[in-house]
Amino acid sequence: MITPFSHRNLPRLLLQARESVMAHTRPQLREHALSDQQWRVLRVLGEHGVVETGKVAREAFILGPSLTGVLSRMERDGLIRRARDPADQRRTVVEATDRGAQLVHTLSQTIEAHYAWMEQSLGKQDLSQLYELLDKLIELEQP
């Protein structure tokens, strides 16, 4: 039985768009032995500095149990360090080491160049509109 849909498959399109963009980033990540998840963690730390692990999980879209393993490997590899939050000893905070921060800096050059290419190809207005529409969609779908 075939079910007719009147709208395109938005989740699939969003995943396809993500994979298309990441196809440009992954080779550089792999050159530095980073997984997508590890990069998302480093990007969060690069944007915010010292971050509580719950916020890392939310901003990097990694579930808590998975984040524990990701952070353990990153700590083992000298990319991050974890410590108790001085303001609340029940919480753990994470920050990039010098090595991790240098990776963020290095990779951000390639990523920003790719975004500049997208802006040039799509046009600044279209790229801004894409960001705006995605922000609206995310807000609309919040519980």
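Reader: How many helices and strands are there in the chain?
Author: This is a predicted model, where local features need pLDDT of at least 70, side-chain atom pairs count only at pLDDT 80 or more, and totals for chains, interfaces and linings use all residues. Residues are numbered from 1 along each chain as its sequence is written, and side-chain values use heavy atoms, with hydrogens and water left out. Helices (H or I, at least four residues) and strands (E, at least two) are DSSP runs, numbered from the N terminus. The elements run α-α-β-α-α-β-β-α-α, giving six helices and three strands.

Reader: Which element gives the largest share of the lining of the largest pocket?
Author: A pocket is an open set of points on a 1 Å grid over the protein atoms alone, where a 1.4 Å probe fits, with protein on both sides within 12 Å along at least five of seven lines; lining residues have an atom within 4 Å of a point. The largest one holds about 1700 Å³, the space filled by probe spheres set on the points. Its lining has 33 residues, and Arg 18, Phe 61, Tyr 115, Leu 134 and Ile 138 are the closest to its centre. Ten lining residues come from one element, α1.

Reader: How many residues of that lining are nonpolar, polar and charged?
Author: Ala, Val, Leu, Ile, Met, Phe, Trp, Tyr, Cys and Pro count as nonpolar, Asp, Glu, Lys and Arg as charged, and the others, Gly among them, as polar. The lining divides into 22 nonpolar, three polar and eight charged.

Reader: Which residues of α3 does α2 meet?
Author: Contact means heavy atoms within 4.5 Å. From α2 come Arg 40, Val 41, Val 44, Leu 45 and His 48. Their partners in α3 are Lys 55, Val 56, Glu 59 and Ala 60.

Reader: Which side chain meets Arg 26 in a salt bridge?
Author: A salt bridge puts a side-chain nitrogen of Lys or Arg within 4 Å of a carboxyl oxygen of Asp or Glu. The structure holds 13. In one, Arg 26 lies 2.8 Å, N to O, from its partner. This pair links helix α1 to helix α2, ten residues apart, and the partner is Asp 36.
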